[in-house]
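Biologist: Before I plan anything at the bench, I would like to go through this structure with you. Please keep the answers short and end each one on what I asked for.

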Amino acid sequence: MYAVIATGGKQYRVAEGDVVRFEKLPAEPGAAVEFDKVLVVGQGADIKVGKPFVAGSKVTGTVQSHGKSDKVTIVKFRRRKHYLRQGTHRQQYTEVRITGISG
């Protein structure tokens with residue numbers, strides 16, 4: 001069984017037992033989290049598509065850890081204009097193990 005959920009402005013396809021990195025969630029490691037914005041639930045040929053969400057369905061998981069992803073370099077440059085700005089960014093994430101899909 002799999003589901004497509006929306007969180008952090010993105011959509012993720014998850015299955016039970018998966019470990020997924022989401023945008024940072026306000027939960028402690030070991031805490032249970034629920035995702036109720038489920039767009040699609042499917043198992044084999046049986047697929048439920050929501051308008052926009054599937055009613056009565058949810059995905060549960062436990063928070064494994066928090067962290068920062070790899071460093072990304074940002075460069076703003078205009079040729080022949082003496083303009084160069086450089087910076088870096090590290091996005092924070094939360095690792096969640098999916099424990100159940102209902103719906």
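Modeller: A residue is called exposed when its relative accessible area is over 50%, and buried when that area is under 20%; anything in between is partly exposed. Keep in mind that this is a predicted model.

Biologist: Is R80 buried or exposed?

Modeller: R80 sits in the loop between β8 (72-78) and β9. Its relative accessibility is 68%. The cut-off for the upper class is over 50%, so R80 counts as exposed.

Biologist: Which residue in the loop between β8 and β9 has a positive phi of about 55°?

Modeller: R80, in that loop, has a positive phi of about 60° without being a glycine, so R80 does not fit your value of 55°. Another residue of the loop between β8 and β9 is exposed, at 84% relative accessibility. That residue is not a glycine either, and its phi is about 55°: H82.

Biologist: What is the omega of the peptide bond that joins K51 and P52?

Modeller: P52 belongs to the loop between β6 (46-49) and β7 (58-68). The bond joining K51 to P52 is cis. Its omega is about -5°.

Biologist: Which residue in β10 is the bridge partner of S65?

Modeller: β7 pairs with strand β4 (residues 32-35) in the antiparallel sense over four bridges, and there A32 has T62 as its partner in β7. β7 also pairs with strand β10 (residues 92-102), again in the antiparallel sense, over 10 bridges. In β10, the partner of S65 is E95.

Biologist: The side chain of T94 makes a polar contact with the side chain of which residue?

Modeller: T94 is in strand β10 and is buried, with a relative accessibility of 0%. Its contacts beyond four places in sequence include V20, F22, V63 and S65. The T94 side chain reaches the backbone nitrogen of L25 at 2.9 Å. Its polar contact with another side chain, at 3.0 Å, is with H66.

Biologist: How far is the backbone nitrogen of A15 from a polar atom of the D18 side chain?

Modeller: D18 lies in the loop between β2 (10-15) and β3 (19-23) and is partly exposed, at 31% relative accessibility. Leaving out neighbours within four places in sequence, D18 is in contact with V96, R97 and I98. A polar atom of the D18 side chain is separated from the backbone nitrogen of A15 by 2.9 Å.

Biologist: What distance separates the C-alpha atoms of D18 and D36?

Modeller: Along the chain, D18 and D36 are 18 residues apart. Between their C-alpha atoms the distance is 17 Å.

Biologist: Why does T7 count as buried?

Modeller: T7 is part of strand β1 (residues 2-7). Beyond four places in sequence, T7 touches Y12, F22, L25 and F35. Buried means under 20% relative accessible area, and T7 is buried because its value is 15%.

Biologist: What is the area of the nonpolar surface patch made by V75, F77 and L84?

Modeller: L84, one of the three residues you name, is found in strand β9 (residues 83-89). L84 is partly exposed, with a relative accessible area of 43%. Together, V75, F77 and L84 make a patch of about 290 Å².

Terms used
Residues are numbered from 1 along each chain as its sequence is written. This is a predicted model: local features need pLDDT of at least 70, side-chain atom pairs count only at pLDDT 80 or more; totals for chains, interfaces and linings use all residues. Side-chain values use heavy atoms; hydrogens and water are left out. Helices (H or I, at least four residues) and strands (E, at least two) are DSSP runs, numbered from the N terminus. Buried means under 20% relative accessible area, exposed over 50%, partly exposed in between (1.4 Å probe, protein chains only). Contact means heavy atoms within 4.5 Å. Patches are made of residues with over 30% relative accessible area and no salt bridge: like charges are joined within 9 Å, nonpolar side chains (Val, Leu, Ile, Met, Phe, Trp, Tyr) within 5 Å. Accessible areas come from the Shrake-Rupley method with a 1.4 Å probe; for residues, only the protein chains shown count as cover. A salt bridge is a side-chain nitrogen of Lys or Arg within 4 Å of a carboxyl oxygen of Asp or Glu. Two strands pair if DSSP finds at least two bridges between them. A polar contact is a pair of N or O atoms within 3.5 Å; within protein, one must be able to donate a hydrogen and the other to accept it, and residues adjacent in sequence count only if both atoms are side-chain atoms.
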